[in-house]
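Work through the exercises below with the sequence and the model at hand. Try each task before reading its solution.

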Amino acid sequence: MAKNLEDKLTRVRAAIVDVPNFPKKGIIFRDIFPVLRNPPVFKDLIDLLISAVTESVPDAQCIVGLESRGFLFGPILAEQLNIPFVPIRKKGKLPGEVLSVTYELEYGSDTFEAQSNSVAEGAKVVIVDDLLATGGTMKAACDLMVKLKAQVCLCLVVIELPSLKGRDKVSYPVKSLITFTD
């Protein structure tokens, strides 16, 4: 990684705030919102994400963002790369014909949807989100893109919690900018 990118990564990591015992006792929540409140650091983050896409998938044809924090980064990446942005939303939030994938959560299940005409068949897509933890939502997003006949080329996240082994559930390349091991 170029020195300039290393400096940007250091600034982004320093801006992420640890919130102990949230949302429940024993959990350390990694709060990314301070990054968004600091425009120069937020620009650093966008630069890092763009670099990750252009290095890993230089011919990407679509950025796919997961509800809801993937919506913070995805449209900006898509605009900067001059390619479409496609949202993946929770069930019932998108108009028109949709395709769905239901996935398991710790206590129950949820459903992701995308508009059935949102991605061209065979399109090389990059899926973006803020966090990879247990991997369930990222796997569901990949499954949904496959259902849409897109080609998943990269799953890109800002933060990964490797101890939760989410990467093991995803059968596509995963790139995380920052890992927290505790």
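Two strands pair if DSSP finds at least two bridges between them. Helices (H or I, at least four residues) and strands (E, at least two) are DSSP runs, numbered from the N terminus. The model is predicted: local features need pLDDT of at least 70, side-chain atom pairs count only at pLDDT 80 or more, and totals for chains, interfaces and linings use all residues. Residues are numbered from 1 along each chain as its sequence is written, and side-chain values use heavy atoms, with hydrogens and water left out.

**Exercise 1. Trace the strand pairings of E7.**

Step 1. Take E8 (residues 151-160): eight bridges join E7 to this strand, and the two run parallel. Ile127 of E7 faces Cys155 in E8.

Step 2. Turn to E3, which is parallel to E7 and joined to it by four bridges. Here Ile127 stands opposite Val64.

Step 3. Check burial (under 20% relative accessible area, 1.4 Å probe, protein chains only). Seven of the nine residues of E7 are buried, so this strand is largely enclosed by the rest of the structure.

Step 4. Add the helix: E7, H5 and E8 form a right-handed β-α-β unit. Right-handed means that, with the strands pointing away from the viewer, the path from the first strand over the helix to the second runs clockwise.

**Exercise 2. Which strands pair with E4?**

Step 1. E3 (residues 62-66) and E4 (residues 85-90) run parallel, with four bridges. Ile63 is opposite Phe85. The chain passes from E3 to E4 through helix H4 (residues 70-81), in a right-handed β-α-β crossover.

Step 2. E6 pairs with E4 in the antiparallel sense, over two bridges. Lys90 is opposite Phe112 of E6.

**Exercise 3. Compare the span of H3 with its expected value.**

Step 1. The expected span is 1.5 Å times one less than the number of residues.

Step 2. H3 (residues 39-56) has 18 residues, so the helix should span 26 Å; its end C-alpha atoms are 26 Å apart, which agrees.

Step 3. List its buried residues: among them are Phe42, Asp44, Asp47 and Leu49.

**Exercise 4. How many residues line the largest pocket?**

Step 1. A pocket is an open set of points on a 1 Å grid over the protein atoms alone, where a 1.4 Å probe fits, with protein on both sides within 12 Å along at least five of seven lines; lining residues have an atom within 4 Å of a point.

Step 2. The lining has 43 residues, and Leu131, Ala133, Thr134, Leu161 and Leu164 lie nearest the centre.

Step 3. H5 gives the largest share, six residues.

Definitions and conventions
Buried < 20%, exposed > 50% of the residue type's maximum accessible area, 1.4 Å probe, protein only.
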